[in-house]
Amino acid sequence: MNRRSVLLAATALTALPRLPALAQGAPGDAIRPLVLITRPQASAPAAYQAAELVAQEWRKLGLQIELRPLPNQQMSQVVWYERQRWDATMWQMVGRPERGDPDEMVYNLLHSANIVTGYNFVGYSNPEYDRLAEAQRSEMDQARRQQIVREVQEVVNRDQPYAFLVHPVNLQAFNKQVFVEGSAVNQAGLGIRNFWNWISLQPAGRQRDIIVNSTEPVKATNPFYVSGAPDSWVTDLVWDRLMRVGPDGLPQPWAAETVTQPDPLTIDCVIRQGMTHHDGTPVTVEDVIFSYEAPGMGDESPMYKPFVQNIASVTAVNDRTVRFVLKRPDAAFRIAVLAKLNIVSKRIWAPVVADYLNRPQNLESYVEERPIGSGPYRFVRSRVNEEVVLEANPNHWARPKADRWIMRIILNTEATLGALRRGEINVLADYFGDPDLVKTMARQLPAMIAVREEVDIGFQFIGMNLRRAPFNDAAFRRALSAAVNREMMAGAAWNGQAVPSNSMVSPALAAWHDQGIAGRVPGGNLDGARRLLQEAGYRMVGNRLHYPSGVRETTTPYQ
Amino acid sequence: MKRVLGRLGHAAFVLWAVASLTFIMFRLMPGDPTLNFLSESFSEEMRAALLTSFGLDKPLPEQYVLYLGSLLRGDLGVSFLQKKPVLDILLDALPNTVALTVTALVVAYAFGIIAGAFLAFARGSVTEGIAIPAALITRAAPEFWLGMILLAWLSFAWGIFPSSGANEAGSEFTSEWARLTSADFLWHLTLPALTLALYLQGLPLLLMRATMLEVLNDEFIVMARMKGLSRWAIVMRHAARNALLPVATAFALGLGSSFGGNVVIETVFSWPGLGRVLVSAVQGADYPLAQGAFILIAAVLVTMNMVADLLYAWLDPRVSVGARR
């Protein structure tokens with residue numbers, strides 16, 4: 001054997017381990033550095049820490065990840081209005097009563113109709129998904145609809161347009177020396193910060209006011225305008241609705257004594273007898289009809305207009321029955337519309353609407369000196385950044401057990417806990433601080449503090465921009481999602497106050513949630529993620545992950 | 001009179017500059033107020049309707065002209081988020097801010113002047129060795145830290161003072177004046193005012209001490225000593241009065257700057273004042289409210305500058321003479 005033959009044999013031996021890779025061809029371009037947008041640590045410490053954990057895992061896959069904290073406004077601006085520019089973003093959906101029906105999340109978030117300007121900012125387009133999202137919307141049979149919603153979740157699990165992270169667990173507390181412990185009502189996905197609790201809490205002694213904290217001020221008290229979550233807590237109590245989302249998360253009749261559906265397009269609501277507005281005038285079918293017509297007049301109520309667009313007509317059948325005729329079947333109509341729109345007094349609002357139709361401003365600008373509804377609480381006063389005071393409506397059929405409902409605006413977490421301990425507030429309903437502090441306080445004061453925990457309807461996720469490579473590859477997205485250690489994230493970033501998520505339908509919505517989906521993320525873990533990438537042709541060269549063979553990096557990096 | 005008119009013209013120019021800068025600044029910031037309303041049902045149609053209702057659909061120069069025109073008529077506009085007149089929102093928060101600022105400044109300056117005068121006289125003593133570092137520490141300590149320490153001790157641990165707010169939950173008053181003069185309000189005011197006063201006292205104390213040290217070497221003090229006047233009489237009647245000039249100026253300027261600068265204290269104690277209005281307006285891109293708050297704070301600052309200027313001229317005639325030259 002001459003020297004030349006020996007050299008050839010040695011070269012062949014060194015190349016042996018790389019034979020499979022060589023068989024796939026040369027690797028594609030190195031994947032550009034990717035930017036993960038997040039809110040700043042100061043404004044969202046848990047989400048920021050979660051983003052750091054995600055970036056850390058993704059780097060182990062050979063990706064160069066830069067965290068880019070942006071203030072809320074700037075983040076929304078980029079994600080919403082500059083849809084071609086960004087790579088991936090941290091995002092959250094918060095829990096609200098009307099999200100007790102999966103339609104809001106299922107249809108609006110990922111249906112392709114919402115790609116250009118709607119909530120589908122990740123640009124997910126899948127005809128199979130669209131068909132299922134539409135089908136669940138028009139399916140009136142509950143069992144069949146549940147099955148479709150589970151199929152929707154499986155499609156999302158397969159395609160991973162989002163990397164779902166966690167469902168937060170709400171931690172709330174109340175003073176059981178002030179309220180009878182058994183009178184507190186928990187609502188699925190919301191905990192004790194809910195309408196039913198505010199009318200049910202039974203005072204145990206001389207303190208008869210519910211004093212609840214909020215970290216945000218109430219900006220407006222207007223039945224046609226909601227500018228934030230605390231606004232909706234107040235409007236919920238001051239104005240009645242035909243239906244309410246019950247403690248179990250399902251819609252139930254409220255101002256309507258009965259709600260029947262003779263056919264998929266027709267809904268009849270029989271109004272409860274003897275209802276009055278806070279000014280003493282009776283609630284009539286004309287009031288109800290007006291309440292559903294006003295949001296659709298011009299652009300008077302941009303917040304509520306989308307919810308009445310499926311109503312073809314709303315008419316009085318008799319002096320107690322209102323008939324809704326829909327343009328297309330809508331399985332979520334009861335929660336999304338009947339349990340959402342406020343019943344207002346036509347006598348008060350009709351002249352206001354007529355006036356505002358001729359003004360440049362819309363109905364949202366109208367400020368009632370003392371808002372008049374027909375709900376279980378009457379409005380007393382609101383001082384921005386200080387407090388909102390409501391008083392029990394003695395004429396309501398569901399008269400609250402407490403005398404007043406007072407919301408105190410307290411920004412400082414430590415001061416909030418101090419206020420609970422000192423009795424300045426008696427319900428801790430809005431808390432984002434260290435959960436251990438609350439639990440320790442409950443252990444120290446077992447006769448005083450009762451703690452309640454509830455998995456939230458909302459969720460935290462990473463939206464991946466499917467318009468941009470490599471996120472346009474489902475295999476790549478599956479691998480990135482698999483690399484996320486959700487258990488560790490729930491413990492480290494949320495101090496254990498969260499559960500792993502892999503669906504837009506929270507476990508709090510037991511009727512709709514696909515049990516076990518959190519454990520079915522394709523790939524399952526970091527090793528699985530590496531395997532998925534290898535199977536899809538992605539290659540490690542040095543420490544950098546490269547595209548599959550023949551794929552060039554042509555996407556402009558996010559600046 | 002000419003001097004006063006000149007000052008007024010100067011003040012008007014500063015206010016115009018502040019108004020214009022805030023107008024431009026907010027419109028150059030990324031994001032717009034419609035982003036506050038993002039939801040699953042948010043659409044381009046909704047955004048267009050919101051922009052129209054905010055008046056942001058008009059060209060920028062037209063918006064600017066309308067804005068200045070409204071300002072000249074005393075109209076600060078309507079808040080994008082709260083939908084109320086900006087002036088009403090600011091006037092709601094103003095009494096709380098005035099009460100907090102004035103109380104804290106008066107306490108801080110009263111203490112600072114007396115302690116500063118005393119420490120000048122006690123130069124080189126053990127008391128001075130302890131008091132000066134203590135004053136510097138409270139001056140240098142972050143306001144939120146001071147506030148949290150006071151809260152932990154005086155509210156959470158000992159339960160003497162309330163932990164937040166300006167009044168007890170749900171308390172009723174016949175008028176705003178009745179609220180501001182109620183024992184409940186003063187009780188709530190104590191901790192935030194004390195924190196702010198602790199933070200502010202360092203400046204008047206050190207200023208007073210430094211000026212006093214200069215004055216104490218003047219011939220008229222030597223003369224007073226030779227006349228056999230008591231130490232107290234020399235300090236308070238002769239030296240302190242002459243040393244007060246720069247402290248008075250600092251007081252007027254401090255009053256102006258404190259109006260918008262209490263954000264930290266207001267947040268720690270959930271005090272419903274102007275600072276919190278300003279911060280939430282900026283966070284929510286509520287242009288009219290943020291502009292109105294900035295203009296109000298600038299107006300107070302400019303006015304207090306003018307007052308300081310005129311006060312100085314009144315207290316020390318040499319300043320006016322100097323101006324006439």
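Which helix of chain B supplies the largest share of the lining of the largest cavity? Keep that question in mind while the tour, which runs through a predicted model, moves from chain B as a whole to its empty spaces and then to two places in chain A.

**Chain B as a whole**

Select chain B and colour by secondary structure: there are 15 helices and zero strands to be found. The C-alpha trace, laid along its principal axes, spans about 85 × 60 × 40 Å. If you then colour by accessibility, buried residues account for 49% of the 325 residues in the chain, while the surface that chain B exposes comes to about 15500 Å², with carbon and sulfur atoms supplying 70% of it. Turning to contacts between residues of chain B that are at least 6 apart in sequence, 74% of these join residues at least 24 apart. Show the charged side chains next, and you will have 22 positive and 22 negative charges on display, whose mean positions lie 16 Å apart.

**The start of chain B**

Select B:Lys2, which is found in helix α1 (residues 2-28) of chain B. This lysine counts as exposed because its relative accessibility is 74%, the cut-off for that class being over 50%. For a distance across the chain, add B:Glu176, which lies 174 residues from B:Lys2 along the sequence and whose C-alpha atom is 39 Å from that of B:Lys2.

**The second largest pocket**

Now select B:Phe54, B:Gly55, B:Gly77, B:Val78 and B:Phe80, which of the 28 lining residues lie nearest the centre of the second largest pocket. The space in this pocket is about 810 Å³. Helices α2 (44-54), α3 (60-72) and α14 (287-315) of chain B each give at least two residues to the lining, and α3(B), with five residues, provides the largest share.

**The cavity lined by both chains**

The structure holds one cavity of 30 Å³ or more, and the largest cavity contains about 120 Å³ of space. To find it, select A:Arg383, A:Val384, A:Asn385 and A:Glu386 together with lining residues from chain B, including B:Gln82, B:Lys84, B:Ile89, B:Asp92, B:Ala93, B:Asn96, B:Pro272 and B:Val277. Here the opening question is settled: helix α4 (residues 86-121) of chain B supplies four residues, the largest share of this lining.

**A covered helix in chain A**

Move to chain A and select helix α9 (residues 229-238), which is mostly covered, eight of its 10 residues being buried. Those buried residues are A:Pro230, A:Asp231, A:Trp233, A:Val234, A:Thr235, A:Asp236, A:Leu237 and A:Val238. To see what lies over them, display α8 (195-200) and the strands β5 (209-214), β6 (243-245), β12 (377-383), β13 (387-392) and β14 (404-409) of chain A, which are among the elements that cover the buried residues of α9(A).

**A loop residue in chain A**

Finish at A:Asn525, which is found in the loop between β18 (498-500) and α18 (526-535) of chain A. Is this asparagine buried or exposed? With a relative accessible area of 41%, A:Asn525 is partly exposed, since that class lies between the 20% and 50% cut-offs. Leaving aside residues up to four places away in sequence, A:Asn525 touches A:Ala482 and A:Ala483. Add A:Ser481 to the selection as well: A:Ser481 and A:Asn525 are 44 residues apart in sequence, and their C-alpha atoms are 8.5 Å apart in space.

Methods:
Residues are numbered from 1 along each chain as its sequence is written. Chains are lettered from A and ligands numbered from 1 in the order in which they are written. This is a predicted model: local features need pLDDT of at least 70, side-chain atom pairs count only at pLDDT 80 or more; totals for chains, interfaces and linings use all residues. Side-chain values use heavy atoms; hydrogens and water are left out. Buried means under 20% relative accessible area, exposed over 50%, partly exposed in between (1.4 Å probe, protein chains only). Contact means heavy atoms within 4.5 Å. Accessible areas come from the Shrake-Rupley method with a 1.4 Å probe; for residues, only the protein chains shown count as cover. Lys and Arg count as positive and Asp and Glu as negative; His and the chain ends are not counted. The place of a charge is taken as NZ of Lys, CZ of Arg, CG of Asp or CD of Glu. On a 1 Å grid over the protein atoms alone, a cavity is a set of points where a 1.4 Å probe fits but cannot get out, and a pocket is an open set with protein on both sides within 12 Å along at least five of seven lines; lining residues have an atom within 4 Å of a point. Grid points are joined across faces, edges and corners, and a volume is the space filled by probe spheres set on the points.
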